[in-house]
Amino acid sequence: MNHPPTPKIPFGIYVLMVSGFFASLSQIGQITIIGKQVWDMTGNELDLGLIGVAEFLPVALLAPITGSIADRFDRRRVLAIALSGEVIVSILLFSYIRTDPTSLKPIFSLVLLFGVFRSFAMPANRALPIDLAPPGTVERVVALKSVSFMGGTVAGPIIFSFLFVADIALPYLVAAIALSTGIVLLSLVPKPPIVQYKPTGTKQVIKDAFEGLRFIRRTPILFGAVSLDLFAVLFGGIIALLPAIAEDRLGVGAVGLGWLRSSVGIGAGITMLSLLFKPLKRNVGRRLIQMVGIFGIATIALAMTRSFTIAFILIFIAASADAVSMFIRASLVPLATPEQMRGRVLAVESVFIGASNELGAAESGITAALFGLVGAILFGGAGTLLVVVLWWRLFPALRS
């Protein structure tokens with residue numbers, strides 16, 4: 001019996017993935033070095049949390065507007081303009097760090113501005129691969145995009161940590177170059193074969209901007225999945241504390257920090273590669289909740305170790321579990337959303353999922369200032385497990 005051929009992924013999607021790799025390499029590498037820079041300047045965990053606040057606020061406040069823009073205009077151009085703004089911020093950071101700074105205010109201001117551009121990039125970036133994916137390839141495209149992103153999260157912290165040791169300002173210049181490369185590649189991506197949504201009138205635009213939130217709220221499985229991530233990562237956002245963990249708990253410098261941060265991408269990347277060839281198709285809701293539970297357990301274990309090797313393994317495990325849950329959400333949300341409002345829905349989802357990492361960073365910084373570094377990590381892991389228990393009971397449709 002002859003089986004129909006497996007649909008091919010268009011070349012334009014591969015170009016988009018390479019562009020995304022350079023963007024994630026610069027974004028993750030740069031924010032890792034900013035955390036190291038701030039920690040070296042103040043040694044205060046709260047300041048690490050404030051970096052997360054500066055990243056989160058623009059995404060949370062602008063999500064309805066940026067989602068509507070991603071639906072109204074060519075998403076390639078929206079993404080290219082947003083990345084161009086990030087290039088400008090990287091150059092400004094490079095110029096400021098070269099002055100041997102003593103004040104954090106310009107750094108926080110530039111991180112805030114970076115968050116503004118990132119908030120415009122996120123919905124367009126999330127929707128573009130789905131727009132270009134032919135029928136029958138969506139799961140593979142989602143996994144491929146995740147692999148390209150995770151590749152950047154692996155390479156970025158390692159490369160930028162070595163650059164930081166050579167010259168503390170050099171990572172920001174390299175970030176600007178990498179982002180510019182991503183923009184050039186983006187210009188080679190073909191226009192998606194869909195009609196962009198174009199509402200008329202200011203009131204209609206404002207009304208439609210909140211349609212994404214209403215759509216998620218009235219779809220119980222979607223609401224359960226994205227809110228699970230929001231609250232789980234809110235409590236489990238330990239990545240922001242890695243500069244403090246590397247120095248105070250593990251006794252390693254910038255290069256060790258880079259490897260710890262890269263373990264996130266290594267764990268998630270390997271997991272996504274396996275999902276690329278064997279996507280999850282059964283019991284996905286139950287699996288989603290289980291993976292968040294594993295994430296919480298690994299977080300608690302991280303608080304108890306002073307071994308660099310064990311810490312690396314635990315972060316690897318947590319990232320692998322998070323990658324499975326991310327794959328489920330990344331496949332579920334776009335497929336359950338009409339394409340003409342996909343940008344608005346994904347913008348709202350970005351607040352729940354993408355920006356929740358930054359909000360979790362803020363929570364970790366505040367709790368570390370109150371309870372100490374170990375107390376903050378234990379609190380986060382326990383909070384994540386509590387969320388798992390509550391969501392298991394509150395969203396029976398999701399676990400079924």
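# A walk through the helices and their contacts

Let's start with a pair of side chains: Arg76 and Asp74 meet in a salt bridge, with N and O 2.5 Å apart. Keep in mind along the way that this is a predicted model. Both partners of that bridge are tucked away: Arg76 is buried, with a relative accessible area of 17%, and Asp74 is buried too, at 11%.

A search of the whole structure turns up three salt bridges. Look next at helix H1, where the side chains of Asp40 and Lys36 meet in a salt bridge, 3.2 Å from N to O. These two residues are four apart in helix H1, so about one helical turn separates Asp40 from Lys36. Their surroundings differ, because Lys36 is buried at 7% relative accessible area, while Asp40 is partly exposed at 44%.

Lys36 has a further partner. It forms a salt bridge with Glu247, and here the closest N and O atoms are 2.6 Å apart. This pair ties together distant parts of the chain: Lys36 sits in helix H1 and Glu247 in helix H10, 211 residues apart. Glu247 counts as partly exposed, with 31% relative accessibility. Since they share partners, the salt bridges join Lys36, Asp40 and Glu247 into one network.

Now follow that link over to helix H10, which spans residues 242-249. Is this helix largely enclosed or largely open? Six of its eight residues are buried, so H10 is largely enclosed by the rest of the structure. The buried ones are Leu242, Pro243, Ala244, Ile245, Ala246 and Arg249. Just after H10 comes Gly251, which takes a positive phi of about 65°.

There is another place to see distant parts of the chain come together. Gly43 lies in the loop between helix H1 (11-42) and H2, and Gly43 is partly exposed at 38% relative accessible area. In sequence, Gly43 and Asp248 are 205 residues apart, yet their C-alpha atoms are 9.9 Å apart in space.

While we are on loops, have a look at Asp100. You'll find Asp100 in the loop between helix H3 (75-97) and helix H4 (105-132). Its phi is positive, about 55°, although Asp100 is not a glycine. At 59% relative accessibility, Asp100 counts as exposed.

Time to go inside. In soluble globular proteins, nonpolar side chains tend to be buried together. Here, the largest nonpolar core has 49 residues, and those with the most contacts inside it are Ile34, Ile107 and Ile245. Ile245 is one of the buried residues of H10. What does Ile34 touch, not counting residues up to four places away in sequence? The answer is Ile51, Leu93, Ile107, Val111 and Tyr172. Apart from this core lies another one, of 36 residues, including Ala70, Ala176, Ala268 and Ala323.

Next, the aromatic rings. A pair of aromatic rings is described by the distance of the centres and the angle of the planes. In this model the count comes to three aromatic pairs. One of them is formed by Phe308 and Phe312, a tilted pair with 6.5 Å from centre to centre and 40° between the planes. Phe308 and Phe312 both lie in helix H13 (residues 308-335), four residues apart, about one turn of the helix. Phe308 is partly exposed at 28% relative accessibility, and Phe312 is partly exposed at 21%. Phe371 and Phe379 also form a tilted pair, 6.2 Å from centre to centre with 40° between the planes. Phe371 is exposed, at 52% relative accessible area, whereas Phe379 is partly exposed, at 38%.

Those last two rings lead us out to the surface. Together with Leu46, Leu50, Ile366 and Leu370, the residues Phe371 and Phe379 make a nonpolar surface patch of about 560 Å². Which elements give two or more residues to this patch? They are helix H2 (45-72) and helix H15 (354-394). H15 gives the most, with four residues. Ile366 lies in H15, and with a relative accessible area of 44%, Ile366 is partly exposed.

Definitions and conventions
Residues numbered from 1 in each chain as written. Predicted model: local features only at pLDDT ≥ 70, side-chain atom pairs only at ≥ 80, totals over all residues. Heavy atoms only, no water. Patch = residues over 30% accessible without salt bridge, like charges linked within 9 Å, V, L, I, M, F, W, Y side chains within 5 Å. Areas by Shrake-Rupley, 256 points an atom, 1.4 Å probe, with all protein chains shown as cover. Salt bridge = Lys/Arg side-chain N within 4 Å of Asp/Glu carboxyl O. Buried < 20%, exposed > 50% of the residue type's maximum accessible area, 1.4 Å probe, protein only. Phe/Tyr/Trp six-rings, centres within 6.5 Å; stacked < 30°, edge-to-face > 60°. Core = buried A, V, L, I, M, F, W, Y, C linked by side-chain atoms within 4.5 Å. Contact = heavy atoms within 4.5 Å.
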